[in-house]
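Reader: I want to learn how to read a helix packing from a model. Where do we begin?

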Amino acid sequence: MPQSHKIVYAIYLFCWLLLAIAPQYRDDWLLENLLVFLLLPLVLWFDRRYGFTLFALVLLLIFSLLHAIGAHYTYAEMRHFDTITAFFGFERNHFDRVVHFLYGLLLYRPILEMVTVVIGKSRTALFFTFSLIISVAALYEILEWLAAAILHPELGVAFLGTQGDIWDAQKDTLVAIIGGFINLIYFLIRFQSDKVD
């Protein structure tokens with residue numbers, strides 16, 4: 001594994017440990033980090049075996065740090081986003097919505113690199129990656145609801161972060177799809193121009 005990759009992982013672990021100290025709601029923090037505990041070993045294994053590009057790893061780092069911040073404060077109560085909320089006159093804190101959008105925007109590339117190991121560089125890989133973005137976004141909303149309902153019903157609102165919006169899950173999924181779609185269009189254009197050259 002390149003030294004630059006080790007630095008990226010060290011930055012993440014350092015920030016994650018800092019944000020693990022005195023989170024707003026400890027039980028919520030634990031629920032938010034279940035996927036981290038499951039997926040971080042997979043990311044490390046893939047990087048050792050096949051190797052992410054540094055760019056993809058940095059995108060993954062940015063998203064992971066935003067998730068760690070959301071887990072520390074809860075997505076609905078991320079107070080450092082309150083200035084933006086007040087500036088635009090929003091009725092709710094949209095930090096969670098921004099992170100869902102960035103999920104589609106930032107994680108497309110790392111997922112594409114994983115997919116191309118199996119499928120190869122092709123239009124199929126681009127569309128399959130986009131399908132994974134959509135599927136995981138929808139599945140996350142379902143798992144989030146199930147985790148709150150089964151493991152900690154009393155955390156419902158804090159964990160789900162709906163902030164009174166009955167369509168929160170659908171909107172979160174939509175913005176993730178938009179983030180992924182931007183990537184799909186970008187990579188399709190690049191794919192086409194590479195074929196022409």
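Author: Begin with one helix pair, and take the angle and the distance together. In this predicted model, α1 and α3 pack at about 5 degrees, with their axes 10 Å apart. An angle under 35 degrees counts as roughly parallel. That makes α1 roughly parallel to α3.

Reader: Which residues of α1 and α3 meet?

Author: On the α1 side they are Ser-4, His-5, Val-8, Tyr-9, Ile-11, Tyr-12, Cys-15, Trp-16 and Leu-19. On the α3 side they are Leu-54, Leu-57, Val-58, Leu-61, Ser-64, Leu-65, Ala-68, Ile-69 and His-72. By class, this contact has 14 nonpolar and 4 polar residues, with no charged ones.

Reader: Before going on, how do I check confidence in the model? What is the average pLDDT of the protein?

Author: Look at the average, then at the elements. The protein averages a pLDDT of 85, and 85% of the residues score at least 70. Among the elements, helix α1 (residues 3–20) has the highest mean, 95. Helix α7 (residues 156–160) has the lowest, 53.

Reader: And the overall make-up? How many helices and strands does the protein have?

Author: Count the elements, then read their order. There are 8 helices and 0 strands. From the N terminus on, the order is α-α-α-α-α-α-α-α. Of the 197 residues in the protein, 44% are buried. Sequence separation adds another view. Take the contacts with a separation of 6 or more: residues 24 or more positions apart account for 73% of them.

Reader: Back to pairs. At what angle do α1 and α2 cross?

Author: Their axes cross at roughly 170 degrees and come within 13 Å. The cut-off for roughly antiparallel is over 145 degrees. α1 and α2 are therefore roughly antiparallel to each other. From α1, the contact uses His-5, Tyr-9, Tyr-12, Leu-13, Trp-16, Leu-19 and Ala-20. From α2, it uses Arg-26, Trp-29, Asn-33, Val-36, Phe-37, Leu-40, Val-43, Leu-44 and Asp-47. The classes are 12 nonpolar, 2 polar and 2 charged.

Reader: What about the loop between α1 and α2? Which residue there should I look at?

Author: Check the backbone angles in a loop. Ala-22 lies in the loop between α1 and α2 (26–49). Its phi is positive, about 50 degrees, although Ala-22 is not a glycine. Next, check accessibility.

Reader: Is Ala-22 buried or exposed?

Author: Ala-22 has 60% relative accessibility, so it counts as exposed.

Reader: Now a residue within a helix. What does Val-43 touch?

Author: Leave out residues up to four places away in sequence, and Val-43 touches Tyr-9, Phe-52 and Leu-60. Val-43 is found in helix α2. Its relative accessible area is 14%, so Val-43 is buried. Then try a distance across the sequence. Val-43 and Pro-110 are 67 residues apart along the chain, and their C-alpha atoms are separated by 9.5 Å.

Reader: Pro-110 takes me to another pair. How far apart are the axes of α3 and α5?

Author: Helix α3 (residues 54–73) and helix α5 (residues 95–119) have axes 9 Å apart and pack at about 155 degrees. That makes α3 roughly antiparallel to α5. Handedness comes next: the crossing of α3 and α5 is left-handed. Helix α3 contributes Phe-55, Ala-56, Leu-59, Leu-60, Ile-62, Phe-63, Leu-66, Ile-69 and Gly-70 to the contact. Helix α5 contributes Phe-95, Val-99, Leu-102, Tyr-103, Leu-106, Leu-107, Arg-109, Pro-110 and Glu-113. The residues divide into 15 nonpolar, 1 polar and 2 charged.

Reader: Take one residue from that list. What is in contact with Tyr-103?

Author: Set aside neighbours within four places in sequence. Tyr-103 is then in contact with Phe-63, Tyr-108, Leu-132, Ile-133, Val-136, Ala-137 and Ala-176. Tyr-103 is found in helix α5. At a relative accessible area of 10%, Tyr-103 is buried. Its C-alpha atom and that of Leu-60 are separated by 9.1 Å, with the two residues 43 apart along the chain.

How values were computed. Residues numbered from 1 in each chain as written. Predicted model: local features only at pLDDT ≥ 70, side-chain atom pairs only at ≥ 80, totals over all residues. Heavy atoms only, no water. Axes fitted to C-alpha atoms, helices over the stretch in contact; angles between N-to-C directions. Helix = DSSP H or I, 4+ residues; strand = E, 2+ residues; numbered from the N terminus. Parallel < 35°, antiparallel > 145°, perpendicular 65-115°, else oblique. Left-handed = near helix turned anticlockwise from the far one by under 90°. Contact = heavy atoms within 4.5 Å. Nonpolar A, V, L, I, M, F, W, Y, C, P; charged D, E, K, R; others polar. pLDDT = per-residue confidence, 0-100. Buried < 20%, exposed > 50% of the residue type's maximum accessible area, 1.4 Å probe, protein only.
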